[in-house]
Amino acid sequence: MDILDLTGIDLSKEAPECEPERQFYFIAKARELLHEKEREAGRKLTFCVTTFGCQMNARDSEKLTGILEQIGYVEEENEEKADFVVFNTCTVRENANQRVYGRLGQLKRIKKKNPHMLIALCGCMMQEPEVVEKLKQSYRFVDLIFGTHNIFKFAELTVVCLESGRMVIDIWKDTDKIVENLPSERKFPFKSGVNIMFGCNNFCSYCIVPYVRGRERSRTPEAIIAEIEKLVADGVVEVMLLGQNVNSYGKTLDTPITFAQLLKRIEQIEGLQRIRFMTSHPKDLSDELIEVMAHSKKICRHLHLPVQSGSSRILQKMNRRYTKEQYLALVEKLKIAIPDISLTTDIIVGFPGETEEDFADTLDIVRKVRFDSAFTFIYSKRTGTPAAVMKEQVPEETVKKRFDRLLTEVQEIAKEVCSIHKGTVQTVLVESVNEQDPSLMTGRLSNNLLVHFPASSSVIGQLKEVKLTECKGFYYIGELV
């Protein structure tokens with residue numbers, strides 16, 4: 001397949017120059033091209049969007065899905081049966097890349113049998129030049145490659161792809177552009193993620209995100225509030241505010257506004273029942289935010305506050321810009337202001353130079369904070385980050401032993417912490433039919449814990465009072481009140 005590299009090329013001819021009108025023009029044009037293909041195929045053509053990685057990617061995938069549905073494609077859950085396969089990729093860890101290459105290998109033989117099949121790759125992995133080069137050399141059956149900064153151009157790029165019959169590549173190194181009001185198809189009718197900002201300025205030494213997502217840029221509060229009001233009018237009762245570091249929201253705006261001030265304004269939206277957000281960086285969590293959370297009737301009693309390590313020495317090497325003592329002081333402040341708050345965290349084991357003493361500090365912070373749960377990770381060397389070239393990489397065997405010890409500690413504490421709610425009645429947002437037992441519904445408490453209870457599927461999307469009768473460690477069994 002020939003390669004059409006659009007990087008830096010202006011494609012505007014007859015199309016409007018302003019966004020999002022330009023993309024709606026290309027949605028209409030893509031719809032015409034799709035009709036031609038469907039006449040050739042003698043059937044409706046389908047699509048499948050597969051998401052790797054974080055909730056930011058999941059939200060991006062909802063936009064991709066919305067655009068494809070506007071064009072006229074019909075959703076198909078099985079990517080091997082779909083006519084347009086989109087992989088929205090993650091690159092936080094090296095093995096995420098390998099998973100994508102493996103899935104592509106499986107699709108190669110399927111595409112040979114389906115002349116109408118298109119394969120698109122987007123997301124963080126595509127922002128790495130060596131990845132794009134590998135795709136150009138070894139995966140020439142891929143039709144479309146674009147990154148994180150120009151996802152709004154998906155309809156336009158789809159048209160180029162359909163018209164050219166060549167591999168289309170459009171990667172932007174960075175952007176300050178935010179395009180509002182594009183189509184989106186939510187996974188859940190009653191809850192939704194809402195991007196409040198994009199990019200990251202923190203440059204933690206182990207993390208590739210600032211290099212692939214770009215520098216911080218915040219949406220205006222007016223755009224965010226307008227989106228949430230529209231979602232609420234469409235039946236949404238809970239929103240999750242998304243950003244790599246929501247605590248630094250508003251700093252890039254012409255009229256600066258703090259995250260706490262934004263939350264106050266969102267809380268005033270009538271009909272909105274619950275507000276969640278992630279992720280919070282400890283160095284930016286303000287007293288103002290704690291106060292707003294403490295007095296709010298809508299902000300959920302859950303805070304995800306990644307600590308990454310309990311060792312101040314390792315935290316400095318990670319470029320986290322806080323110490324163990326500062327983190328503990330922050331937790332104490334939170335628990336005094338919001339006694340019923342649920343704290344969850346991220347922890348990396350085996351960061352370069354981590355000694356047994358450093359790891360003991362991590363165990364100590366876990367015991368002192370008593371997290372409701374923790375996402376624990378073995379350090380993954382990420383090419384392109386400062387940590388990848390640090391000396392003193394910890395032996396794999398040592399890391400695995402430490403990881404197992406940490407996991408045991410986290411699970412035992414979490415079981416004790418979560419069990420304190422047994423016998424209480426809690427408000428639960430009913431989210432789905434239980435995957436193991438269809439006679440049970442699964443709902444989420446304000447503190448983010450799950451509860452399974454007997455009920456009919458008619459209650460999905462509603463807020464219900466549920467008595468927590470039995471604690472199973474990380475979830476509850478309950479009964480409707």
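This report walks through two annotated domains, one helix and several paired strands of a predicted model.

Residues are numbered from 1 along each chain as its sequence is written. Because the model is predicted, local features need pLDDT of at least 70 and side-chain atom pairs count only at pLDDT 80 or more, while totals for chains, interfaces and linings use all residues.

**Two annotated domains**

Let us start with the UniProt record, whose positions are given in the numbering used here, with shortened feature names and annotations that may be inferred rather than shown by experiment. Helices (H or I, at least four residues) and strands (E, at least two) are DSSP runs, numbered from the N terminus. The unreviewed entry places "domain: MTTase N-terminal" at residues 45-163 and "domain: TRAM" at residues 419-481.

| Residues | Helix | Strand | Distance between end C-alpha atoms |
|---|---|---|---|
| 45-163 | 48% | 19% | 16 Å |
| 419-481 | 0% | 56% | 19 Å |

**Helix α2**

Helix α2 covers residues 55-71, and its 17 residues should span 24 Å at 1.5 Å a residue; the expected span is 1.5 Å times one less than the number of residues. The end C-alpha atoms of α2 are 24 Å apart, which agrees. Buried here means under 20% relative accessible area (1.4 Å probe, protein chains only). Since 12 of the 17 residues of α2 are buried, the helix is largely enclosed by the rest of the structure. Among these buried residues are M56, R59, D60, L64 and I71. Just after α2, G72 takes a positive phi of about 125 degrees.

**Strand β4 and its partners**

Where do we find β4 (residues 84-89), buried or exposed? The strand is mostly covered, with 6 of its 6 residues buried. In a regular strand the side chains alternate between the two faces of the sheet. In β4, F84, V86 and N88 lie on one side and V85, F87 and T89 on the other, and both faces are covered.

Two strands pair if DSSP finds at least two bridges between them. Strand β2 (residues 46-51) runs parallel to β4, joined by 5 bridges, and F47 stands opposite F84. On to β5 (residues 118-123): 6 bridges join this strand to β4, again in parallel, with F87 opposite L121. Together with helix α3 (residues 94-113), β4 and β5 make a right-handed β-α-β unit; right-handed means that, with the strands pointing away from the viewer, the path from the first strand over the helix to the second runs clockwise.

**A three-stranded sheet**

Further along, 3 strands form an open parallel sheet in the order β13-β14-β15. Because β13 (302-304) and β15 (373-378) stand at the edges with a single partner strand each, one side of each is left without a neighbour in the sheet. Strand β14 (residues 342-349) pairs with β15 over 6 bridges, and T376 is the bridge partner of I347.

Conventions:
Heavy atoms only, no water. Buried < 20%, exposed > 50% of the residue type's maximum accessible area, 1.4 Å probe, protein only.
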